[in-house]
Amino acid sequence: MSISFSAVCVPFVESKVPSYLCSSTYQFSFGAPANYLDSESGRRVLLHGGPVHFRRTFCGLKRWIVENLHLEKHKRKLGPTNEFKSIKNQVKDQLQEDSNAETTKITSQVEESSVPSFQPHAFVDVSTTTAESPFIPKTLSSKFPYECGEGPTLCIAVVGATGELARGKIFPALFALYYSGFLPENVCIFGYSRKDMTDEDLRSMIASNLTCRVEHQQNCGDRMDIFLSRTFYINGGYDNREGMSKLDVLMKQFEGKSEANRIFYLSVPQEALINVACSVADNAQSVKGWNRVIIEKPFGFDVLSSHRLTQSLLSKFQEQQIYRIDHLLGRNLIENLTVLRFANLVFEPLWNRTYIRNVQVILSEDLGVQVGRYFDGYGIIRDIVHSHILQTIALLAMEPPISLDGEDIRNEKAKLLRSVWKLEPSDVILGQYKARAGDKVDVYMNSLTPTYFAAALYIDNARWDGVPFLIKTGMGLIKHRVEIRIQFHHVPGNLYREQMGHNIDLATNELILRDTPDEAILVRVNNKIPGLGLQLDSPELNLLYKDKYNMEMPDSYEQLLLDVVDGDNHLFLRSDELAAAWNILTPVLDEIDKKNIAPELYELGGRGPVGAYYLWAKHGVPWAED
């Protein structure tokens, strides 16, 4: 590398030249500051003028070389973390400089007596110009704390990094994936929020929530240190457009020339979602790889607000880039539904109205689960039923997809949801727990916000015609319980009716899928009790996960984040699924808004509203045991 002027060529060490003037050829008058006289390999800085100006400029160049040699020596003492801090400070300074000088006109020649307002990126070789945001700084060192390998890089940005969800779930899940080897080594984590923090502040905040599972205790501390050293904080301020431009620049520093993939987890309030998402789309997307955006529920308040949100997102992203996440869908119970159905000949032929009498989907939370503050106004219907319950029914009842590709599965889910009848208010029971003085619960709800929902759904297709799908979900109930119960019809002309007694429902065959903490697959069958005489019993054949599989179950966020990394979107709601779910629930939500339906009160820690028992009886379904 060299600087040429007339017939004189001055060589200097290439590694000492900063990369922030690396994209173009620059021209300077002799009045330009000496600290801009540098270029990347293969470029030249052209100097014009007489001998007096040459001497002045050469002295400035000599001074610049000495100062930079001293700076490089100082950077090596600081170590990689402090070096990256200096990069971030350069970003901040250059953002301010670009903002102040944005309208300044730069010319290639200035008067000798003047002090020019000079921007190094004002003279750009057209052949190297790319379309970039006006906020992107051009004066950055190309060095990053880590040297990327030849493989593609992955940058993950957690927007809303100081929130409870990010601290308690997202960062621990990312760490679990990292030490388990499911994230590439070329990965970098960025925490983004408005708080004034440093990298070390973010690392200290999340470190207390990072743990290693029993089977990964070896080298846990070392892997945790590496993970934290790859985690950086960005204060985005109150202008998301500028903040995302800053994030984009820092990601580029890590990515270098490699293929660059990015994930943006938008853990932000609903009212800020559109602004943040649009800022990401316009200022922080990679042009050298794929971009994926994760959005937390609720996905709108009603059908109209959800449609507006969807249209805003689709105006900036493609459908396959959007991952609407519901952590309840990351449970192993949900992942296993399609395996049980389509990988076992014993079940698939029975999966229709000819053999199945009813299906019950039950999700109850005990006193240990507190509702979030956003729950007021949304209630359990918008929070749990709209996404988790209806998605569970869709996976359970859909037709076989043509493949396991995410889009093929989502096609079948959407078709199933469009076949569900709209809910009638007469088939719905709402409830709200009543807290007494001294109960350790947070009560944020107004008088009509339901904390309990029971309903009977019917699917209008040939497979499920006439089969009731009963939903029961609530907060503050007697115990935590997540299960799916599939009850089969009675045996026609049963020869053992007399031995079964008067309550033949107790002898009904059932397939029970139970989630944590006592995850199991149970099959209820009729069996002869050993001994003399003929007495029948209905025991459960059981597969208990804790006995069969000696492993700690991963958190649902781990599963879903891994799906995002792999591009598997079958557990994430597509726009048409979202609209179909709102279509099912809208009649009931309208009645609630009109105050035509009032929740039935039930005791905190009880079994829920009494009306749910009558609803089950109305549809000829025996109440599942608690």
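Helices and strands here are DSSP runs: H or I over at least four residues for a helix, E over at least two for a strand, numbered from the N terminus. Keep that in mind, since all the element names today rest on it.

Now the model. It is a predicted one. The protein chain holds 15 helices and 21 strands. Of its 626 residues, 51% count as buried. Look also at contacts between residues at least 6 apart in sequence: 76% of these join residues at least 24 apart.

Let's start with a sheet. Six strands form an open sheet, in the order β7-β6-β5-β8-β9-β10, and the pairing is parallel. Which strands stand at the edges? They are β7, residues 231–235, and β10. Each has a single partner strand, so one side of each is left without a neighbour in the sheet. From one strand to the next, the twist averages 20°.

Inside this sheet, look at β5. Seven bridges pair β5 with β8, in the parallel sense. There, Cys-155 stands opposite Arg-262 of β8. β5 also runs parallel to β6, joined by six bridges. In that pair, Val-159 stands opposite Tyr-192 of β6.

Stay with β6, residues 187–193. How many of its residues are buried? Seven of the seven, so β6 is largely enclosed by the rest of the structure. A general point helps here. In a regular strand, side chains alternate between the two faces of the sheet. Now check β6. Val-187, Ile-189, Gly-191 and Ser-193 are on one side, and Cys-188, Phe-190 and Tyr-192 are on the other. Both faces are covered.

Next, a helix on this sheet. α13 spans residues 556–566. It packs on the sheet and touches β5, β8, β9 and β10. Its direction makes about 150° with that of β9. Is α13 mostly covered or mostly open? Mostly covered: nine of its eleven residues are buried. Among them are Tyr-557, Leu-560, Leu-561 and Leu-562, and also the acidic pair Glu-558 and Asp-563. What covers these buried residues includes helices α2 and α8, as well as strands β5, β8, β9 and β10.

Both ends of α13 have something to show. At the start, a side-chain oxygen of Asp-555 comes to within 2.9 Å of the backbone nitrogen of Tyr-557. Just after the helix, Gly-567 has a positive phi of about 80°.

On to another sheet. This one is open too, with nine strands in the order β20-β17-β16-β15-β11-β14-β13-β12-β21. The pairing is mixed. The edge strands are β20, residues 540–544, and β21, residues 600–603, and each pairs on one side only. The twist averages 15° from one strand to the next.

Within this sheet, β13 and β14 pair in the antiparallel sense, over six bridges. Phe-453 stands opposite Thr-473 of β14. Helix α15, residues 611–618, packs on this sheet. It touches β11, β12, β13, β14 and β21, and its direction makes about 10° with that of β13.

Take one residue of β13, Ala-455. Its relative accessibility is 0%, so Ala-455 counts as buried. What does it touch? Leaving out residues up to four places away in sequence, its contacts include Leu-423, Val-428, Ile-471 and Leu-615. Phe-469 is also one of them. The C-alpha atoms of Ala-455 and Phe-469 are 8.2 Å apart, and the two residues are 14 residues apart along the chain.

Now a charged residue. Where is Lys-413? In helix α10, residues 406–419. Is Lys-413 buried or exposed? Buried, with a relative accessible area of 0%. Its side chain has a polar contact of 3.2 Å with the side chain of Glu-577. Beyond its neighbours within four places in sequence, Lys-413 also contacts residues including Gln-391, Met-398, His-570 and Phe-572.

Last, the empty space. A search of the whole structure finds eight cavities of 30 Å³ or more. The second largest has a volume of about 60 Å³. Ten residues line it, and His-490, Val-491, Ala-507, Thr-508 and Asn-526 lie nearest its centre.

That's my tour. Thanks.

Conventions. Residues are numbered from 1 along each chain as its sequence is written. This is a predicted model: local features need pLDDT of at least 70, side-chain atom pairs count only at pLDDT 80 or more; totals for chains, interfaces and linings use all residues. Side-chain values use heavy atoms; hydrogens and water are left out. Buried means under 20% relative accessible area, exposed over 50%, partly exposed in between (1.4 Å probe, protein chains only). Contact means heavy atoms within 4.5 Å. A polar contact is a pair of N or O atoms within 3.5 Å; within protein, one must be able to donate a hydrogen and the other to accept it, and residues adjacent in sequence count only if both atoms are side-chain atoms. Two strands pair if DSSP finds at least two bridges between them. Axes are lines fitted to C-alpha atoms, for helices over the stretch in contact, and angles run from 0 to 180 degrees between N-to-C directions. On a 1 Å grid over the protein atoms alone, a cavity is a set of points where a 1.4 Å probe fits but cannot get out, and a pocket is an open set with protein on both sides within 12 Å along at least five of seven lines; lining residues have an atom within 4 Å of a point. Grid points are joined across faces, edges and corners, and a volume is the space filled by probe spheres set on the points.
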